[in-house]
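Work through the exercises below with the sequence and the coordinates side by side. Try each task before reading its solution.

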Amino acid sequence: MSSWREGPGAYELRGGCVGCGACCRTPTVLLPTLLWRLPRLRRLVIAWHREVNLFELIEQDRANHALVFRCRHFDPVSRRCGCYRTRPGLCRDYPRGLAQAANPEFFEGCGYYAHYRQAEAMRSALAESGLPPEKLAELEKRLHLRE
Ligand code: SF4
Ligand code: SF4
């Protein structure tokens, strides 16, 4: 899970949560570049997540400006959240933000998927391309054209 921009986005989220727990294993917070470059502020963000959300930092992903945590509310055996009713905002909102991503990626086993809003027009254009069926199927998957 991470932060996102507001707006309708190019994709519509379809499917639903099947309770696999994958998004709770390593909750991840993306920081704006400016905030990432200010170590004192970054430390405050980390401390805030530790105190308020019981998120323990396990990694600072410098390439993506991301803070990767382990959540102390998550039970990996039952795959349940220990504070579901009062869970943090970023948990509540996941995976809505992926509708705004350039190329949404979901956890393996997640019941949600992204559907490109212009899928029908894209499929028509692809159908006229003369590509072999296996190439077409691969492109439809990569371009999120699944209904
Ligand atoms: S990864 Fe997807 S299906 Fe699994 S718990 Fe999170 S939202 Fe639900
Ligand atoms: S607070 Fe709950 S929903 Fe959020 S990461 Fe932890 S276990 Fe998952």
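**Exercise 1. A cysteine and its contacts**

Which residues does C24 touch, not counting residues up to four places away in sequence?

Solution. Note that the model is predicted. Leave out the neighbours up to four places away in sequence, and C24 touches C71, F74 and C81. Next, look at ligand 2. The residues around ligand 2 include C24, C71, F74 and C81. Finally, turn to the core. C24, C71 and F74 also belong to the largest nonpolar core.

**Exercise 2. The largest nonpolar core**

List the residues of the largest nonpolar core, and find the element that gives the largest share.

Solution. The largest nonpolar core has seven residues: C24, V29, F55, L67, F69, C71 and F74. The largest share of this core comes from β4, with three residues. Now check how β4 presents its side chains. Strand β4 covers residues 66–71, and its side chains alternate. L67, F69 and C71 point to one face and are buried. A66, V68 and R70 point to the other face and are not buried.

**Exercise 3. The sheet around β4**

Work out the strand order of the three-stranded open sheet, then trace its bridges.

Solution. Start with the order. It is β2-β4-β3, with antiparallel pairing. The edge strands are β2 and β3, each pairing on one side only. On average, neighbouring strands of this sheet are turned by 25° against each other, direction ignored.

Take the β2 side. Strand β2 spans residues 28–30 and pairs with β4 over three bridges, in the antiparallel sense. V29 has L67 as its bridge partner in β4. V29 and L67 are both listed in the largest nonpolar core.

Take the β3 side. Strand β3 spans residues 55–61 and is joined to β4 by six bridges, again antiparallel. E59 has V68 as its bridge partner in β4. D61 has A66 as its partner there.

Then add the helix. Helix α3, residues 39–53, lies across β2, β3 and β4. The helix α3 runs at about 150° to β3.

**Exercise 4. Two positive phi values**

Which phi does H65 take, and where does H65 lie? Repeat the analysis for H144.

Solution. H65 has a phi near 55°, positive in a residue other than glycine. H65 lies in the loop between β3 and β4. That hairpin has four residues between the strands. Is H65 buried or partly exposed? Count the surroundings: 17 other C-beta atoms lie within 10 Å. A residue needs 20 or more to be buried. H65 is therefore partly exposed.

H144 is not a glycine either, and its phi is positive, about 60°. H144 lies in the segment after α6. H144 has 19 other C-beta atoms within 10 Å, so it is partly exposed.

Now examine α6 itself. Helix α6 covers residues 133–142 and is hardly covered. Among its 10 residues, the count of buried residues is zero.

**Exercise 5. A cis peptide bond**

Which geometry has the peptide bond from Y94 to P95, and where does P95 lie?

Solution. The bond is cis, with omega near 5°. P95 lies in the loop between α4 (89–93) and β7 (112–116).

**Exercise 6. Two ligand shells**

Describe the residues around each ligand by name and by class.

Solution. Begin with ligand 1. Its shell has 13 residues, of which C17, C20, A22, C23 and C110 come nearest. By class, this shell has 10 nonpolar, three polar and no charged residues.

Go on to ligand 2. Its shell consists of C24, P27, C71, H73, F74, C81, C83, R87, P88 and C91. These divide into eight nonpolar, one polar and one charged. Assign the classes: Arg counts as charged, and R87 is in the shell. His falls among the polar residues, and H73 is in the shell.

**Exercise 7. The whole chain**

How many helices and strands does the protein chain have, and in what pattern?

Solution. The protein chain has six helices and seven strands. Along the sequence the pattern reads β-α-β-α-α-β-β-β-β-α-β-α-α. The C-alpha trace spans about 55 × 40 × 25 Å along its principal axes. Of the 147 residues, 12% count as buried. Consider contacts with a separation of 6 or more: residues 24 or more positions apart account for 64% of them.

Note on methods
Residues are numbered from 1 along each chain as its sequence is written. Chains are lettered from A and ligands numbered from 1 in the order in which they are written. This is a predicted model: local features need pLDDT of at least 70, side-chain atom pairs count only at pLDDT 80 or more; totals for chains, interfaces and linings use all residues. A residue is near a molecule or strand if its C-beta atom, placed from the backbone, lies within 6 Å of it. Two strands pair if DSSP finds at least two bridges between them. A nonpolar core is a set of buried Ala, Val, Leu, Ile, Met, Phe, Trp, Tyr and Cys residues joined through C-beta atoms within 7 Å. Two residues are in contact if their C-beta atoms, placed from the backbone, lie within 7 Å. Axes are lines fitted to C-alpha atoms, for helices over the stretch in contact, and angles run from 0 to 180 degrees between N-to-C directions.
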